[in-house]
Amino acid sequence: MRTPLIAGNFKMFKTAAETAAYVVELRELLKDVRGVDVVIAPPFTALHAAAGAAAGSAIGVGAQNVHWERDGAFTGEVSAGMIRETGARFVIVGHSERRTLFGETNATVNKKMNAVIAAGLTPIVCIGETLEQRDRNETLAVLDRQIKEGLDGATGEQLAAMVLAYEPVWAIGTGRNATPAQAGEAHFHIRQRLKQWFGLESSERCRVLYGGSVKPGNIASLAAQPDVDGALVGGASLDPKSFLAIIRGAVV
Ligand code: PEP
C-alpha cells in the first residue's frame with residue numbers, strides 16, 4: 001500500500017520570509033491530518049528557511065532543479081550536496097517548464113536523477129506529453145521514452161524509493177486538468193512499464209503522482225484512480241488553505 005504524496009511546486013513565487021510564514025501556517029493546518037505525505041518545493045533562496053520552519057514536522061522540503069556535478073565552474077547552478085545542506089530532502093527533476101524553457105532532455109534528467117540519488121535525496125522525476133504528441137496518439141510512446149532514457153541505469157531499489165510525476169504538458173498551469181480516465185490510463189501504462197523494466201516489487205513501491213491543474217475540486221476523482229499516488233501541484237499550492245484542501249482530498 002503506497003502512502004499518497006502531495007507535493008507543492010511554488011515555481012518562481014515566494015521569498016524566504018513568505019515561505020517560512022507559509023510553512024508555519026501549513027504546520028498548524030496539518031495538525032490533525034494523517035495518511036498522506038506532504039512536500040513543498042520553494043525557490044532555492046527559500047529552501048533553508050523552509051526547512052527550518054518545517055523542522056520537527058512531517059512537511060518535507062524539496063528543490064525545483066539541480067545540477068548534476070558536485071561542484072565546478074557552472075555559473076548560476078546549484079548541486080545536490082548544496083541542496084542537502086539546506087535541509088531539503090527532495091528534488092524535482094525534468095519539470096516540463098525546465099524541458100521546454102531551459103532545454104532539458106531525457107539525458108540531462110538522467111544525470112540529475114543520478115546526482116540526486118548519490119546525494120541521498122529523493123528525486124521527483126517529471127514526465128508527460130505535449131498536446132501535439134497527444135493529438136498524434138504518441139502519449140504512451142513519449143512516456144516510454146522518458147522513462148527508459150530518463151531513468152536509465154536506475155536499480156529496482158532506487159526506483160522503489162523515488163517519485164515519478166505524470167504531468168501532461170497541456171494541463172500544467174492551463175486550468176485544464178486531465179480527466180480521471182485520461183490520468184488513469186497513463187498511470188496504468190506507466191505502472192506496467194515500471195513492472196516490465198524494474199520488476200513487480202519495485203514498481204509497486206514507486207509513487208507516481210499526477211500533475212496538471214490539480215485543485216481542491218478535482219483531486220478526489222484523480223486520486224481515486226488506482227495507480228495515482230497523489231499529486232504535484234503548482235498554482236493551487238501557493239495558498240496554504242487550498243493546498244490543505246488538496247491534501248485532504250488525496251486521502252481516499
Ligand atoms: C506544476 O507546476 O507541476 C503544475 C502541475 O502546475 P499547475 O498545478 O499550476 O498546473
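A residue counts as buried when its relative accessible area is under 20%, and C206, at 0% relative accessibility, is therefore buried. The structure described here is a predicted model, and the points below cover its ligand site, its cysteines and its enclosed space.

**Ligand site**

- The ligand is surrounded by 14 residues, of which K11, E167, G173, S213 and G234 are the closest.
- By residue class, the shell around the ligand is made up of 8 polar, 4 nonpolar and 2 charged residues.
- Side chains supply polar contacts to the ligand: an N or O atom in the side chain of K11 is 2.8 Å from an oxygen atom of the ligand, and a polar side-chain atom of H95 likewise lies 2.8 Å from a ligand oxygen atom.
- The backbone takes part as well, since a backbone N or O atom of G234 is found 2.8 Å from an oxygen atom of the ligand.
- Taken alone, the ligand would expose 290 Å², and the protein buries 95% of that area.

**Cysteines**

- The count of disulfides in the model is 0, and C126 accordingly takes part in none, with the nearest cysteine sulfur, that of C206, 12 Å away.
- Seen from the other residue, the sulfur of C206 has its closest cysteine sulfur in C126 at 12 Å, which is too far for a bond, because a disulfide requires two cysteine sulfur atoms within 2.5 Å.
- C126 has a relative accessible area of 1% and is therefore buried, and C206 is buried as well, at 0%.

**Enclosed space**

- The model contains 1 cavity of 30 Å³ or more, and the largest cavity holds about 50 Å³ of space.
- The lining of the largest cavity consists of G94, H95, S96, R99, C126, I127, G128, Q146, E167 and V169.
- Several of these lining residues also appear under the topics above: H95 lines the largest cavity and has a polar side-chain atom 2.8 Å from a ligand oxygen atom, E167 lines that cavity and is among the residues closest to the ligand, and C126 belongs to the lining while being in no disulfide.

Key:
Residues are numbered from 1 along each chain as its sequence is written. This is a predicted model: local features need pLDDT of at least 70, side-chain atom pairs count only at pLDDT 80 or more; totals for chains, interfaces and linings use all residues. Side-chain values use heavy atoms; hydrogens and water are left out. A residue is near a molecule or strand if one of its heavy atoms lies within 4 Å of it. A polar contact is a pair of N or O atoms within 3.5 Å; within protein, one must be able to donate a hydrogen and the other to accept it, and residues adjacent in sequence count only if both atoms are side-chain atoms. Accessible areas come from the Shrake-Rupley method with a 1.4 Å probe; for residues, only the protein chains shown count as cover. Ala, Val, Leu, Ile, Met, Phe, Trp, Tyr, Cys and Pro count as nonpolar, Asp, Glu, Lys and Arg as charged, and the others, Gly among them, as polar. Buried means under 20% relative accessible area, exposed over 50%, partly exposed in between (1.4 Å probe, protein chains only). On a 1 Å grid over the protein atoms alone, a cavity is a set of points where a 1.4 Å probe fits but cannot get out, and a pocket is an open set with protein on both sides within 12 Å along at least five of seven lines; lining residues have an atom within 4 Å of a point. Grid points are joined across faces, edges and corners, and a volume is the space filled by probe spheres set on the points.
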